[in-house]
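Me: I'd like to walk through this one with you, mostly the pockets and the ligand. Can you take my questions as they come?

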Amino acid sequence: MDDCIFCRIIKKEIPARILHEDEDFLVILDAFPSGLGHTLILPKRHIPDILALDGAELERLAPLIKETAGRLKDALGFDGLNVLQNNGPAAGQTVFHLHAHLIPRWEGDRVNVKWPVKKDLRDEEIDEFVRKVKF
Ligand code: AMP
Ligand code: ZN
């Protein structure tokens with residue numbers, strides 16, 4: 001993907017602060033971070049979002065998230081950590097190459113990952129949704 005910024009980072013066409021690289025993944029610092037240590041984990045294979053991730057990739061990604069989280073904790077001693085991952089513009093995705101954010105958090109920081117609570121969902125629509133999706 002020539003016009004994908006993360007593919008270009010993976011190909012070393014543009015610089016990034018790399019924390020870890022292996023055959024399948026790159027772990028880099030976010031260039032526009034919420035704070036020190038805001039980290040991105042990306043597969044080297046260009047896939048747009050979570051729905052395109054295959055099971056084997058997920059099996060490798062999960063321990064990498066945990067390993068990275070531990071190293072961030074050791075280095076920063078943060079108070080909390082958000083692990084999040086945006087899929088689609090409506091969800092705030094701006095780079096359409098799958099990535100997970102690791103966002104170190106400190107008490108009283110003003111990073112905002114909260115949502116307004118929707119209070120007008122009807123019980124029937126929730127029940128119908130559960131019937132549709134339950135597996
Ligand atoms: P998202 O909104 O979930 O798609 O996140 C994309 C993230 O990529 C944002 O947090 C950006 O700050 C980050 N980003 C954009 N360009 C670069 C870059 N060249 N190097 C590192 N991070 C970047
Ligand atoms: Zn890409």
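**Pockets and ligand**

Reply: Sure, let's start with the largest pocket, keeping in mind that this is a predicted model. Its lining is made of 25 residues, and those nearest its centre are L29, D30, A31, F32 and L40.

Me: Which element gives the largest share of the lining of the largest pocket?

Reply: Two elements give two or more residues to that lining, α1 and β2. The largest share is 3 residues, and the element behind it is α1.

Me: How many residues of each class are in the lining of the largest pocket?

Reply: The lining has 25 residues to sort. By class they come out as 14 nonpolar, 9 polar and 2 charged.

Me: And how much space lies in the largest pocket?

Reply: A general word on the idea: rolling a probe the size of a water molecule over the atoms shows where empty space is left. For the largest pocket, the space comes to about 520 Å³.

Me: Where does ligand 1 sit?

Reply: There are 16 residues around ligand 1, and D30, N86, G92, T94 and H101 come nearest. D30 is also among the residues nearest the centre of the largest pocket. As for the site itself, ligand 1 sits in the largest pocket.

Me: Which element gives the most to the shell around ligand 1?

Reply: The elements giving two or more residues to this shell are α1, residues 5-10, and β2, residues 25-29. With 3 residues, the one that gives the most is α1.

Me: What classes do the residues of the shell around ligand 1 divide into?

Reply: The shell holds 16 residues. They divide into 9 nonpolar, 6 polar and 1 charged.

Me: Which side chain has an N or O atom 2.8 Å from an oxygen atom of ligand 1?

Reply: Let's go through the side chains that reach ligand 1 oxygens. N86 has a polar side-chain atom 2.9 Å from an oxygen of ligand 1, and H99 likewise has a polar side-chain atom 2.9 Å from a ligand 1 oxygen. The cut-off for a polar contact is 3.5 Å. The side chain with an N or O atom at 2.8 Å is that of H101.

Me: How much of ligand 1 does the protein bury?

Reply: Start with ligand 1 taken alone, which exposes 500 Å². Of that area, the protein buries 85%.

Me: What is the volume of the second largest pocket, and which residues line it?

Reply: The volume of the second largest pocket is about 170 Å³. Its lining consists of L19, H20, V27, L64, E67, T68, R71 and L72.

Me: Which element gives the most to the lining of the second largest pocket?

Reply: Both β1 (18-21) and α2 (55-76) give two or more residues to that lining. By class, the lining has 4 nonpolar, 2 polar and 2 charged residues. The element that gives the most, with 5 residues, is α2.

Me: Last one: in what order do the elements of the chain run from the N terminus on?

Reply: The chain has 3 helices and 5 strands to place, and its C-alpha trace spans about 50 × 35 × 25 Å along the principal axes. From the N terminus on, the order is α-β-β-β-α-β-β-α.

Technical notes
Residues numbered from 1 in each chain as written. Chains lettered and ligands numbered in written order. Predicted model: local features only at pLDDT ≥ 70, side-chain atom pairs only at ≥ 80, totals over all residues. Heavy atoms only, no water. Near = heavy atom within 4 Å. Polar contact = N/O pair within 3.5 Å; in protein donor to acceptor, adjacent residues only side chain to side chain. Areas by Shrake-Rupley, 256 points an atom, 1.4 Å probe, with all protein chains shown as cover. 1 Å grid on protein atoms, 1.4 Å probe; cavity = no way out; pocket = protein on both sides within 12 Å on 5 of 7 lines; lining within 4 Å. Sits in = over half its atoms within 2 Å of the grid points. Helix = DSSP H or I, 4+ residues; strand = E, 2+ residues; numbered from the N terminus. Nonpolar A, V, L, I, M, F, W, Y, C, P; charged D, E, K, R; others polar. Points joined across faces, edges and corners; volume = space filled by probe spheres on them.
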